[in-house]
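Reader: I am new to this structure and would like a close look at a single part, chain B. Please describe how the chain is put together and what it touches.

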Amino acid sequence: MSASPYFEAAERIVRDLFDSDSVRRGSSGAWLTEGWRAIEALGLPQALVDEADGGLGIDPAEAADMLRLVGYWAVPLPLAEAMLGASLLARGRMAGVEGPVTLAPPHRTTIRIERREGAWFAEGRATRVPWARDATTLLLIAPAEDSPYLVAMPASLGTIEEGVNLAGEPRDDFRFSTTIPATAVLPGTMTPNEVHAAGAALRTIMIAGAAQRLLDLTLGFADEHQQFGRPIAKFQAVQQNLAALAGQAAVCRAACDMAAQALFTRDGRPAIAMAKSRAGEAAALTAHLAHQVHGAIGFTEEYDLHLYSRRILAWREEYGNEAEWNAVVGQSCLDSADGAWALITRHGEFAR
Amino acid sequence: MTAFDFPRPVMTPEAETLRGEVRAFLDEELGALRAAGKYVGWTHADPAFSRKLGARGWIGMTWPRTYGGGERSATERYVVIEEMLAAGAPVGAHWTADRQVGPLLLSHGSEDQRQLLLPGIAAGTCYVAIGLSEPGVGSDLASIKARAVPVDGGYRLSGTKIWTTNAHLSHYAVVLCRTDGEPGDRHAGLSQLLIDLGSPGIDIRPIIDMTGSHSFNEVHFDDVFVPETMLIGLRGNGWAQVSGEMGNERSGPDRFLSSFAVVEALVRRTREKPSDERRAAVGRLVAQVAVLRRLSASIAEMIRKGEDPTVQGALVKDIGTALEQEIPEVARRLFAIEPSPEAADPLSALVGSTLLAAPSFTLRGGTREILRGIIARGLGVR
């Protein structure tokens with residue numbers, strides 16, 4: 001991981017704040033006020049905002065290092081949503097939006113807006129919104145004929161039906177039919193598809209963090225847990241599983257780097273599609289292998305493994321699962337006149 | 001944390017320009033074959049093809065000009081070899097010399113050895129085999145029995161090497177043998193000798209593989225005289241030298257692109273007969289290759305920086321070769337073909353030849369089990 005002093009400070013704070021108890025509370029409906037304050041104090045939600053607009057002045061790769069902490073420490077807070085939301089707000093030069101801010105996944109949202117008497121009327125339904133119940137503001141992308149609009153909707157203007165993802169993280173439905181002030185609606189934002197792809201990139205990054213944690217937990221367990229008079233890590237059959245697990249974690253990391261570099265680039269969608277699809281498949285294998293090595297203890301509520309394995313299972317579904325992104329990659333291949341290899345070399349997202 | 005470091009791979013404008021030149025060359029050379037599904041793959045040796053690459057400066061690309069090299073960047077070399085592999089070009093004749101022997105001689109060889117071999121290798125006219133495995137000694141290389149006894153002016157080598165790829169076409173072989181100590185000494189006392197395969201006392205016998213091809217050989221050395229000047233590096237340091245070389249052998253794009261021609265054929269066939277299932281399945285394979293390519297290019301970057309890629313190389317090869325084996329199976333699930341290397345239908349022909357070659361993918365250059373042992377050691381559990 002990155003070794004910048006800022007990253008090290010962030011990692012220390014995240015590690016100290018999000019211990020097993022906090023993560024468990026945050027995974028069963030509690031809002032971690034202190035944790036969120038610390039994350040805001042570090043400026044982490046501004047990680048994807050340009051320095052000129054009040055951001056941290058770090059590149060997407062370093063922002064990815066920060067977001068990977070969410071996966072590694074199972075931080076049960078909407079940092080990805082806040083990062084992407086802050087970036088959208090900064091691009092639209094919309095100031096004064098009150099946090100915590102969350103973002104409605106555009107492909108899980110139906111929204112219609114129209115101008116009414118100097119304000120806007122908006123109605124629709126946003127589903128699977130991370131931590132909508134705790135957010136002050138929900139950001140919604142409203143498609144329109146001319147260009148999409150960014151809507152900063154006060155959470156108080158709609159009704160919330162609570163739900164959760166496979167990891168127990170809040171994923172709420174939000175219904176609205178309301179008038180909102182003109183200042184809360186901005187034209188010319190990213191399209192729903194662009195925001196969807198950016199969201200997929202951020203989930204890919206988080207998956208890599210969780211996969212790394214699964215590997216570390218599993219190595220630690222295999223070194224300590226004794227059977228037949230020696231640590232199970234000494235058995236070749238277990239070593240083979242550990243090696244396979246390390247391989248899948250490395251795949252997740254490569255996908256993470258690929259997605260981070262493609263984030264917000266003009267032609268980044270195919271790379272993000274490849275990365276999210278690949279990370280989703282590899283992540284499930286890391287979870288499977290981690291559980292296999294742990295045996296029954298890893299299947300218990302009491303043991304921490306599920307805090308990470310369930311997140312991986314949840315995150316690979318969000319912002320498009322493998323079925324969705326594989327079809328996108330496949331279509332890109334069919335559209336690529338010079339074939340699949342040329343597509344791959346065009347979208348490797350290497351450094352230049 | 002236990003993450004293995006994979007540095008960010010690098011691409012340069014010069015390398016992308018070169019990519020265009022390589023693609024144009026490959027289209028010209030292989031276009032007709034590829035359209036017919038007559039893909040031969042990178043292990044196939046075609047000396048005429050190797051000479052053409054040598055004439056273009058695409059072998060020994062990064063080596064010093066004094067040895068016939070091109071002093072091009074590692075990135076440019078990576079682009080050339082990945083384009084060759086993706087196209088299934090018949091690079092087998094010069095492949096091990098370019099990939100392993102050249103770098104070995106540049107780091108451990110004598111000036112005379114470099115002058116003797118490198119210009120010919122770079123020209124695509126001098127081929128070099130690698131003699132490691134022996135009958136009964138496969139993965140457990142430290143148990144080899146080939147022995148070189150010191151004599152006046154050199155050594156006398158006796159023993160047998162097996163699975164020696166393209167020895168019958170090669171001019172030289174780099175042979176790992178025991179010069180000192182006893183078999184019980186394991187890694188200590190092993191040395192690498194550079195053998196002129198025209199020397200008296202050498203018998204090269206073909207081993208036909210299950211695809212019907214001849215690339216493997218059994219090579220017998222009967223009291224073969226090897227001049228002192230043909231010892232590579234230090235006497236007794238053979239194991240360390242071989243280990244470094246294996247890092248290069250295992251980490252390249254040849255470890256995930258062996259079946260790639262099938263993917264291209266699947267794209268073409270899906271264009272003709274599209275379905276949602278086929279589109280997604282092709283997309284999945286392409287996503288897998290794209291991420292592996294990133295890992296592999298990252299290892300090339302490690303080698304460029306002088307870092308040791310042994311564990312990362314093993315990891316990429318483990319995942320890459322599993323994908324190589326899965327690709328023809330995916331093809332079978334998507335299309336009701338009857339694979340056969342002789343089929344008139346290009347997809348059936350390609351899948352047929354790939355299926356027959358597939359068992360070797362997770363064996364050559366270190367079996368999956370050995371690789372996972374290397375990874376486990378890298379993780380600190382062995």
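Author: Among contacts in chain B between residues at least 6 apart in sequence, 74% join residues that are at least 24 apart. The model is a predicted one. Its chain B contains 11 helices and eight strands. Of the 382 residues in chain B, 52% count as buried.

On overall dimensions, the C-alpha trace of chain B spans about 70 × 45 × 45 Å along its principal axes. A compact globule with 382 residues would have a radius of gyration near 21 Å, and chain B has 21 Å, so the two agree.

Chain B is divided into three parts: domain 1 covers 13–126, domain 2 covers 130–238 and domain 3 covers 252–379. Taken over C-alpha atoms, the centres of domain 1 and domain 3 of chain B are separated by 21 Å. Where these two domains of chain B touch, 15 residues come from domain 1 and 18 residues from domain 3. On the domain 1 side of this contact, α3(B) provides the largest share, with six residues. By class, that side of domain 1 of chain B has nine nonpolar, three polar and three charged residues.

Next comes the contact with the other chain. Here 44 residues of chain B are in contact with 47 residues of chain A. On the chain B side, the elements that give two or more residues are α7 (260–272), α8 (276–304), α9 (310–334) and α11 (368–378) of chain B. Of the residues on this side, 16 belong to α8(B), which gives the most. Sorted by class, the side of chain B that touches chain A has 26 nonpolar, 12 charged and six polar residues.

One helix of chain A shows how chain B takes part in covering its partner. This is α11 of chain A, residues 339–346, in which Ala340(A), Trp341(A), Leu343(A), Ile344(A) and Thr345(A) are buried. The cover over the buried residues of α11(A) includes elements of both chains. From chain A itself, the cover includes α8 (269–294) and α10 (322–335). From chain B, the cover includes α1 (13–35), α3 (74–86), α7 and α8. Two of these helices have appeared above in other roles: α3(B) gives the largest share of the domain 1 side that touches domain 3 of chain B, and α8(B) gives the most to the side of chain B that touches chain A.

Terms used: Residues are numbered from 1 along each chain as its sequence is written. Chains are lettered from A and ligands numbered from 1 in the order in which they are written. This is a predicted model: local features need pLDDT of at least 70, side-chain atom pairs count only at pLDDT 80 or more; totals for chains, interfaces and linings use all residues. Two residues are in contact if their C-beta atoms, placed from the backbone, lie within 7 Å. Helices (H or I, at least four residues) and strands (E, at least two) are DSSP runs, numbered from the N terminus. Ala, Val, Leu, Ile, Met, Phe, Trp, Tyr, Cys and Pro count as nonpolar, Asp, Glu, Lys and Arg as charged, and the others, Gly among them, as polar. The radius of gyration is taken over C-alpha atoms; the globule rule is 2.2 Å times the number of residues to the power 0.38. A residue is buried if 20 or more other C-beta atoms lie within 10 Å of its own, exposed if 12 or fewer, and partly exposed in between; C-beta atoms are placed from the backbone. Domain bounds come from an automatic or database domain assignment.
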